Structures are given as C-alpha cells and as structure tokens.
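Me: I'm new to reading protein structures, and I'd like a close look at a single part of this one. Could you walk me through it slowly?

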Amino acid sequence: LVFKAGDSRPFGAHPALARSLAGKALRQRQPFHQEGLTGRRFHGLLSLPLLSGGQPVGVIHLFDVTQPATELAQLLADRMAAEIDRSIQLDASRKHNRRLEALIAILGQIGTSLDRDQILRVIIDSAREFLQAEACSLFLVDEATGDLELVIASNMDDRIQVEQMRVPAGKGIIGRVIASGE
C-alpha cells in the first residue's frame, strides 16, 4: 500500500486494501499487531507504518511474529521510510539533471547554425523528443494576414508527411492559444 506525498488516500490500491490491516496501521500511524488470524497461511501479523515527515509512504508486514519487538521494529521501519524518501528524492534529482543536460545539448545544437530552417528543425525535433510527444508542430503568425502558418512539423513516424496548412486568425485551438497567450 503506497501513498502519494501529502495525500492520505492510497495510490494504486484497491479500496478494500485501505480498510485492511495495512490500512489500519497507516490510519493510526502506529504499529498494529494482530494474533489469531484464521483462514490464512499465517496466524499473526505485525503491521508497521512507513512514515516520512509524518506522511505515510507504505507498510511493512511481519508475519507470524510470536513476540514482536514493536519498538525496535518501528525504529527499523522509520529508518526504511527515510531511505525510501531519500531514494525518491535522488531519483527526482537525477531526472531533473537529465532534463537540464538535454536542454543544454539542445542549446548547443541551436548555437551551431545560423540557418533559420535548420534551427527551427532542431527546436521542433528536440521539443518532441524532450516532451516525449508523438508529434510536434510549429505555427508562426503571418504578419500580413494574421493567419497562422505551419512552418515545420516533427513526427515519430517519418513516413507521415504533413501538408502545408494555414489557420485563420482566432480559429481552432491554436488560434485561441495565440489570442489568449496561454
């Protein structure tokens, strides 16, 4: 049972699981020991909430614990929660660094050319890859008419050809984006 940071609802869990013994340990935010469980392969259970900054991140179940050292087990669970939190933060930091490195590489590619079409191609291809989009297109405003003109497009499938396109000012989604600035 895993929770999103700052959310008291289970993430990716069935509601019945939230009402389970694991859910009870998390709701109470303290260890929960249950003996005499029937109809299962185990008879006893110690549920230890994993809390990071007071927020639930998971639960550890210890099965058939006859004499639980609850305080020691919770101390270990607290340490595990801190390590899980650090691991999540490290992963987010690495992902952020990879994105920054990708942006630096894109800027390096853009700076190697003075050709407008080549620069726009690098920007649009890089944007599609960076954002992991299937397709990406660049429309520029025709100053004479106010229409939006498709200048360049990038697709994952190079076999798909994009035709020249003009969108009247203020029309369609792209027209609304230009008009509102959002």
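In what order do the 3 strands of the open sheet stand, and is the pairing parallel or antiparallel? Please tell me what surrounds that part, too.

Reply: Happy to! Keep in mind that this is a predicted model.

Let's place the sheet in the whole chain before zooming in. The protein chain has 5 helices and 8 strands. Following the sequence from start to end, you meet them in the pattern β-β-α-α-β-β-β-α-α-β-β-β-α. Of the 182 residues in the chain, 25% are buried. The accessible surface comes to about 12900 Å², and carbon and sulfur atoms account for 55% of that surface.

Now to your question. The open sheet has its strands in the order 6-7-8, and their pairing is antiparallel. Strand 6 (135-141) and strand 8 (166-167) are the edge strands, each of them pairing on one side only.

Take the pairing of strand 6 with strand 7 next. Strand 7 covers residues 148-155, and these two strands are joined antiparallel over 7 bridges. You can find individual partners across the pair: Leu138 stands opposite Ile152 of strand 7, and Leu140 stands opposite Glu149, also in strand 7. As you trace along a strand, a general rule is handy: in a regular strand the side chains alternate between the two faces of the sheet.

Strands 6 and 7 form a hairpin with 6 residues between the strands, and in this hairpin Gly146 takes a positive phi near 85°.

On to strand 8. Strand 7 pairs with strand 8 in the antiparallel sense, here over 2 bridges. One partnership deserves a pause: Glu149 has Arg166 of strand 8 as its bridge partner. Remember these two residues, as they come back below.

How covered is strand 7? Mostly: 6 of its 8 residues are buried. To see what lies over the sheet, look at two helices. Helix 4 (residues 116-130) lies across strand 6 and strand 7, and runs at about 60° to strand 7. Helix 5 (residues 172-180) lies across strand 6, strand 7 and strand 8, at about 115° to strand 7.

Now back to Glu149 and Arg166, this time looking at their side chains. Side chains of opposite charge can pair when their charged atoms come close. The structure holds 8 salt bridges. In one of them, the side chains of Glu149 and Arg166 meet, with a distance of 3.5 Å from N to O. Glu149 belongs to strand 7 and Arg166 to strand 8, so this pair ties together parts that are 17 residues apart in sequence. Glu149 is partly exposed, at 31% relative accessibility. Arg166 is partly exposed too, with a relative accessible area of 40%.

Arg166 has another partner as well. Arg166 forms a salt bridge with Asp142, where the closest N and O atoms are 2.6 Å apart. Asp142 sits in the loop between strand 6 and strand 7, while Arg166 lies in strand 8, so this pair ties together parts 24 residues apart in sequence. If you return to the salt bridge of Glu149 and Arg166 (3.5 Å, N to O), you can place it in a wider picture: salt bridges that share partners join Asp142, Asp147, Glu149 and Arg166 into one network.

For contrast, here is a salt bridge inside a helix. Glu83 and Arg86 bring their side chains together at 2.9 Å, N to O. The two residues are 3 apart in helix 3, so about one helical turn separates them. Glu83 counts as partly exposed at 35% relative accessibility, and Arg86 counts as partly exposed at 42%.

Helix 3 spans residues 70-110, and Leu75 is found there. Leu75 is exposed, with a relative accessible area of 55%. Together, Leu72, Leu75 and Leu76 make a nonpolar surface patch of about 330 Å².

Finally, step back to contacts across the whole chain. Among those between residues at least 6 apart in sequence, 33% join residues at least 24 apart. To retrace your part in the viewer, start at strand 6 and follow the order 6-7-8, then find Arg166 in strand 8 opposite its bridge partner Glu149.

Terms used: Residues are numbered from 1 along each chain as its sequence is written. This is a predicted model: local features need pLDDT of at least 70, side-chain atom pairs count only at pLDDT 80 or more; totals for chains, interfaces and linings use all residues. Side-chain values use heavy atoms; hydrogens and water are left out. Patches are made of residues with over 30% relative accessible area and no salt bridge: like charges are joined within 9 Å, nonpolar side chains (Val, Leu, Ile, Met, Phe, Trp, Tyr) within 5 Å. Accessible areas come from the Shrake-Rupley method with a 1.4 Å probe; for residues, only the protein chains shown count as cover. A salt bridge is a side-chain nitrogen of Lys or Arg within 4 Å of a carboxyl oxygen of Asp or Glu. Helices (H or I, at least four residues) and strands (E, at least two) are DSSP runs, numbered from the N terminus. Buried means under 20% relative accessible area, exposed over 50%, partly exposed in between (1.4 Å probe, protein chains only). Two strands pair if DSSP finds at least two bridges between them. Contact means heavy atoms within 4.5 Å. Axes are lines fitted to C-alpha atoms, for helices over the stretch in contact, and angles run from 0 to 180 degrees between N-to-C directions.
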